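Here is a short set of exercises to work through with the model open beside you. Try each task first, then follow the solution step by step.

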Amino acid sequence: MILVSPMSIPAGFPSPSQDYYEKGIDLNKHLIADTTSTFIVRVSRDSMTGAGISDGDELIVDRSLTPEDGSVVVAVLDGELSIKRLRITARGVVLAAENPAFPDIVVAELSDLSIWGVVTRCLHYV
Amino acid sequence: MTQKGLGHDHRRFALVDANSFYVSCERVFDPALEGVPTVVLSNNGCVVARSNEAKALGIEMGEPWFKLAARAKGWGLIQRLSNYELYGDLSARFMTILGRYSPALEVSSVDESFLLLKGAPEELVVTGRNIRSTVARNTGLPVCVGIGPTKTLAKFANRVAKQNPWMGGVCNLDTMPAAHVETIMSRVPVTGIWVIAGRLGKRLNVMGIHTIKDLRDADPVLIRKRFNVVVQRKVLELRGVPCIELETTRADKKQTIFSRSFSTPVITIKDMHEVLSLYAQSAAVRLARDKQVAKVMTVFAGTSHFNERASSFPSVTVKLSTPTADPVILTKAAVNALDGELIEGVPYARARVMLTGLSPAGAEPTFDEFVTVHERREIGSLMGKVKDKYGSTSIGLGAAGMLKPPDWTMSRKHQSPRYTTGWDELPVVKAS
C-alpha cells in the first residue's frame with residue numbers, strides 16, 4: 001500500500017511520524033450520523049441545566065431518531081421549538097424540565113405531541 | 001390506456017415534489033406558521049410561493065405585496081421574504097434522500113425530481129410511502145409522489161396525489177383501474193400538466209382538445225403537423241409510451257444565466273452598466289469553473305410588469321467574436337449590448353445576462369491572436385477563487401469593482417434567519 005504523505009521528506013533522517021499519518025479527526029463524521037436529518041439549534045434559558053444543557057449552548061439534533069422514554073427532545077409547543085426530557089409514565093406523557101424552578105408539562109396522548117427531533121449532543125462552552 | 005402490470009422492463013418513473021416548497025421550508029423552523037395563510041415574496045415584493053391557505057384566499061403567483069397589504073391583516077396572511085440559503089440547503093438534503101432510493105435521478109428543479117424505480121406496482125406504492133415519510137421525518141418537508149410508465153404520466157399521477165389527500169400523498173397509476181384513471185383525465189384541463197402553457201392550450205382548445213383525456217386520444221400525426229414533435233411526444237407519453245428520458249447528467253449544460261430582480265429599481269444607465277458588469281463577471285467565473293467558453297450573449301433589462309406608466313424591455317443578442325470565457329470581453333459585450341436601448345430615468349426592476357452556445361474550453365482550435373492577454377492569464381478562474389474565499393463582492397473589474405454593496409442587491413429585511421447555513425442565525429429552542 002502506498003501512503004501519500006503531506007510532508008516533505010528531507011534527505012537524511014526520515015520523519016518518525018511519517019508512517020503514522022492519517023487524516024485528521026473529522027467532527028462531522030463522528031457527530032453527525034445522517035447529514036440530511038441533522039440540524040444545529042441554540043438553547044435559550046435554563047430549564048435543562050440538570051441535563052448539562054445551559055443557556056447559549058448549541059445542540060446537535062437528529063430528526064431521524066425515534067424518541068424514547070428519557071430522550072432529550074426538541075418538541076413543538078404552542079408553535080415554538082422547546083427543549084425537554086421526554087418521559088413516558090403511568091400518568092401519561094410528560095415533557096420534563098431538568099431544573100426544579102421550571103414546571104413539567106403533561107400531555108394526554110403521545111399523538112397530541114409533535115416531536116421535532118432528538119438531541120444527540122450538547123456543545124457546551126466551558 | 002395506461003399500461004397495466006409490468007411493461008417496459010419493470011421501469012417506472014416517479015416524480016417527487018415538495019408541496020408549497022418555500023412556505024414549507026419556512027414552516028420547518030417556524031411551526032407557528034402551520035395552517036396559517038402564508039406567502040413568500042421575491043426580493044422585489046411579488047408572490048413566489050403560496051401555502052394552500054393562501055391559495056384558498058385567491059392569491060395568485062406574481063401578485064405584488066402592495067396590492068395584498070391592505071387585506072393581509074383581515075385575512076391573517078403572513079409574508080416572508082425569500083431565503084435562498086435556507087431553501088437551497090433543505091433542497092440539497094431532499095435530493096440526497098431521493099438519491100438513496102434510485103441511482104437514476106434527475107433533479108429538475110429546487111423542489112422536484114424524477115427517479116427511475118423498478119418493482120411490482122404494489123411495491124412501488126410502498127417505496128413511494130417510504131420516500132414521503134423519510135423526507136418528512138428527516139427534513140420536515142411534505143412531498144407527494146406520482147408514479148407512472150412515462151415522465152408525463154408520473155407528472156399527472158403527482159397532480160392526482162396532490163389533489164386527493166385520501167391517497168396519502170402517493171399515486172401509482174398502475175394500481176388504479178383504467179376506467180378510474182380515464183375519468184380523472186377527463187376532468188383535468190389540458191393546461192393542467194407540464195409544458196402545455198396558456199397559448200398552446202388555447203390552440204388545442206380550438207381543435208376541441210380541452211382535457212388531458214382529449215389530448216391522449218388525439219391523433220399524434222395530426223398533432224405533430226399542427227404543432228411540433230414536443231406536443232406529439234406528450235400524446236404518446238399519455239398513452240404510456242416513454243419518449244422522454246431522464247436527464248441525469250448536467251455535463252451537456254448548454255447555457256448559463258444570471259438573472260435577478262432588484263430590491264430597489266435601477267434608474268440610471270450608469271448604474272445599469274454596473275449591474276451588467278457584475279453579472280457578466282459572475283458568468284465568466286461560472287464558465288471558468290465549468291471549463292467552458294461561450295459563443296453568444298443575450299442581455300436583457302426590464303421594468304416591472306405592474307408599472308404601466310414606464311415600460312421598457314430591451315433585449316439584445318450579440319455573437320462574440322470568438323468563443324470565450326474572458327471576463328474583460330464578456331463585461332464589455334454586456335455593457336455595450338444595450339447601447340442606445342436603455343432609457344435614462346426609467347425604473348428597471350430586473351436584468352439578465354445569458355450565455356449560450358457553450359462548449360468545452362479548448363475544444364475548438366483558436367488562433368493565437370484571438371486569445372486575449374486576459375485569457376492567457378486566466379483572470380476568470382482567479383476571480384472565482386478570490387470570490388470563493390472572500391465573498392462574491394470582494395473583487396470586480398471596472399464598474400463591478402465596487403467598494404460597498406450597491407442599493408439594488410437583495411434586501412435582507414423581513415427575511416427569516418439562515419437557520420441551516422449561518423452559525424449566527426441558528427434556530428433558537430426554548431428551555432423554559
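**Exercise 1. A strand pair across two chains**

Work out in which sense strand β1 of chain A and β14(B) pair, and over how many bridges.

*Solution.* Begin with strand β1 of chain A, which covers residues 38-44. This strand and β14(B) run in the parallel sense, and three bridges link them. Next, pick out one bridge: A:Ser44 has B:Lys430 of β14(B) as its partner. Keep in mind that this is a predicted model.

**Exercise 2. The interface as a whole**

Describe the contact between chain B and chain A: how many residues take part, and how much area is buried?

*Solution.* Start by counting: chain B brings 25 residues into contact with 31 residues of chain A. Then take the area: the two chains bury about 2300 Å² between them, with 56% of it on carbon and sulfur atoms. Now ask which residues of chain B lose the most area to chain A; they are B:Val429, B:Lys430 and B:Ala431, which together make up 29% of what that side buries. B:Lys430 is also the bridge partner from the first exercise.

**Exercise 3. Polar links and the make-up of one side**

Find how many salt bridges and polar contacts cross the interface, and which elements of chain B take part.

*Solution.* First, the salt bridges: the rule finds two between chain B and chain A. One salt bridge joins the side chains of A:Asp34 and B:Arg100, at 3.0 Å from N to O; this fits the cut-off of 4 Å. Second, the polar contacts: 22 residue pairs across the interface qualify, both partners being at pLDDT 80 or more. Third, the elements: α1 (21-29), α4 (84-99), α5 (121-139) and β14 (428-430) of chain B each give two or more residues to the side that touches chain A. Last, the residue classes on that side of chain B: 13 are nonpolar, six polar and six charged.

**Exercise 4. A covered strand in chain B**

Is strand β6 of chain B mostly covered or mostly open, and which strands pair with it?

*Solution.* Look at burial first: β6 spans residues 112-118 of chain B, and five of its seven residues are buried, so the strand is mostly covered. Then turn to its partners. Strand β1 of chain B (residues 11-18) pairs with β6(B) in the antiparallel sense over seven bridges, and B:Arg12 has B:Leu117 as its bridge partner there. Strand β5 of chain B (residues 105-109) is also antiparallel to β6(B), over four bridges. In that pairing B:Ser109 is matched with B:Glu112. A hairpin of two residues connects β5(B) to β6(B).

**Exercise 5. Two residues of chain A**

Decide whether A:Ser71 and A:Ala96 are buried or exposed, and list what each one touches.

*Solution.* Take A:Ser71, in the loop between β2 (58-62) and β3 (72-77) of chain A. Its relative accessibility is 12%, so A:Ser71 counts as buried, the cut-off being under 20%. A polar atom of the A:Ser71 side chain lies 2.9 Å from the backbone nitrogen of A:Glu68. Leaving out residues up to four places away in sequence, A:Ser71 touches A:Lys84, A:Arg85, A:Leu86 and A:Val118.

Now take A:Ala96, in strand β5 (residues 92-96) of chain A. With a relative accessible area of 10%, A:Ala96 is buried. Leaving out residues up to four places away in sequence, A:Ala96 touches A:Met48, A:Lys84, A:Arg85, A:Arg87 and A:Asp104. Finally, A:Ala96 and A:Val72 are 24 residues apart in sequence, and their C-alpha atoms are 9.3 Å apart.

Note on methods: Residues are numbered from 1 along each chain as its sequence is written. Chains are lettered from A and ligands numbered from 1 in the order in which they are written. This is a predicted model: local features need pLDDT of at least 70, side-chain atom pairs count only at pLDDT 80 or more; totals for chains, interfaces and linings use all residues. Side-chain values use heavy atoms; hydrogens and water are left out. Contact means heavy atoms within 4.5 Å. Buried area is the accessible area (1.4 Å probe) that two parts lose on being put together, summed over both. A polar contact is a pair of N or O atoms within 3.5 Å; within protein, one must be able to donate a hydrogen and the other to accept it, and residues adjacent in sequence count only if both atoms are side-chain atoms. Ala, Val, Leu, Ile, Met, Phe, Trp, Tyr, Cys and Pro count as nonpolar, Asp, Glu, Lys and Arg as charged, and the others, Gly among them, as polar. Two strands pair if DSSP finds at least two bridges between them. Buried means under 20% relative accessible area, exposed over 50%, partly exposed in between (1.4 Å probe, protein chains only).
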